[in-house]
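Subject: Model for you to look at

Hello,

Here is the structure I said I would pass on. My notes on it follow below.

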Amino acid sequence: MNATPDIVAAAQERTGGCLCGRVRFTVKGKAVYPHTCSCPHCKKLGGGPMMWWAGFAPENVTWTGGVEPTWYTTFEGEAQRGFCPNCGSRLAAIDSDVPELGIVVTALDDTSGADLVPVNQSFRDDAVHWLPQVPDTQKSPVA
């Protein structure tokens with residue numbers, strides 16, 4: 001008997017970490033709502049025209065390198081961003097209105113999964129004009 005693609009995706013495990021290797025993690029399961037964000041905050045945080053995010057159930061994210069990210073409160077009572085205390089790599093996000101833990105997709109060791117392809121771009125009006133926008137194939141589950 002062959003496993004369905006959903007069962008295979010649910011069992012999938014990925015690894016990732018920061019640039020210096022001090023903070024390492026694994027995520028299990030299929031990514032939820034992969035998207036890019038062009039808000040002014042993400043542009044400053046990521047140092048580029050957008051950031052690439054995907055959600056994973058918090059119980060399916062394990063910090064494995066012996067060091068967890070340092071959490072910075074970006075919006076009091078609403079959002080925190082996790083980064084490596086050594087090299088500064090951006091790794092994760094906790095948002096009060098989102099049940100999943102946001103993972104910066106570029107922190108994953110392998111970003112080729114079909115479930116990581118962005119389905120939307122947040123804050124389109126703040127996007128740089130010279131970069132094509134991500135097609136809107138799935139509305140945001142939270143807004």
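Seven strands make up an open sheet of mixed pairing, in the order β6-β7-β8-β9-β4-β3-β10. Strands here are DSSP runs of E with at least two residues, helices are runs of H or I with at least four residues, and both are numbered from the N terminus. Two strands pair if DSSP finds at least two bridges between them. The edges are taken by β6 (70-75) and β10 (121-122), each with a single partner strand, so one side of each has no neighbour in the sheet.

This is a predicted model, in which local features need pLDDT of at least 70 and side-chain atom pairs count only at pLDDT 80 or more, while totals for chains, interfaces and linings use all residues. Residues are numbered from 1 along each chain as its sequence is written, and side-chain values use heavy atoms, with hydrogens and water left out.

For the chain as a whole, the secondary structure amounts to two helices and ten strands. Read from the N terminus, the order of elements is α-β-β-β-α-β-β-β-β-β-β-β. Of its 143 residues, 37% are buried (under 20% relative accessible area; exposed is over 50% and partly exposed is in between, with a 1.4 Å probe and protein chains only). Among contacts (heavy atoms within 4.5 Å) with a separation of 6 or more, 54% are between residues 24 or more positions apart. The exposed surface of the chain is about 8,200 Å², of which carbon and sulfur atoms supply 55%. Accessible areas come from the Shrake-Rupley method with a 1.4 Å probe, and for residues only the protein chains shown count as cover.

Back to the seven-stranded sheet, at β3. This strand covers residues 32-37 and includes H35. Four bridges join β3 to β4 (residues 51-56), and the two run antiparallel. Across from H35 in β4 stands W53. H35 is buried, because its relative accessible area is 15%. Which backbone oxygen does the side chain of H35 reach? That of Y33, at 3.0 Å, which fits the polar contact criterion (a pair of N or O atoms within 3.5 Å; within protein, one must be able to donate a hydrogen and the other to accept it, and residues adjacent in sequence count only if both atoms are side-chain atoms). Beyond four places in sequence, H35 is in contact with M51, W52, W53, P118, V119, N120 and S122.

T36 is also found in β3. With a relative accessible area of 4%, T36 is buried. Setting aside residues up to four places away in sequence, T36 touches M50, M51, W52, P118, N120, Q121, S122 and V134. In a regular strand, side chains alternate between the two faces of the sheet.

Next, the pairing of β1, β2 and β5. β1 (residues 13-17) and β2 run antiparallel and are joined by five bridges. R14 has V27 in β2 as its bridge partner. The two strands form a hairpin with six residues between them, and G21 in the turn has a positive phi of about 90°. β2 is also joined to β5 by three bridges, again running antiparallel, and F25 stands opposite W63 in β5.

How many aromatic pairs does a search of the whole structure find? One. The pair is F25 and W63, edge-to-face, at 5.4 Å centre to centre with 65° between the planes. The criterion takes rings of Phe, Tyr and Trp (its six-membered ring) with centres within 6.5 Å; planes under 30 degrees apart are stacked, over 60 edge-to-face and the rest tilted. F25 is in β2 (residues 24-28) and W63 in β5 (residues 61-63), so the pair ties together parts 38 residues apart in sequence. F25 is buried at a relative accessible area of 1%, and W63 is buried at 19%.

Two items remain, around β7 and β8. C84 lies in the loop between β7 (79-83) and β8 (90-95). C84 counts as buried, because its relative accessibility is 1%. Apart from neighbours within four places in sequence, C84 is in contact with C18, C20, R22, V23, S89 and L91. Its C-alpha atom is separated by 6.2 Å from that of V23, 61 residues apart along the chain. The charged end of R90 sits over the ring of F83, 5.6 Å from its centre (the test is NZ of Lys or CZ of Arg within 6 Å of the ring centre and within 35 degrees of the ring normal).

Regards
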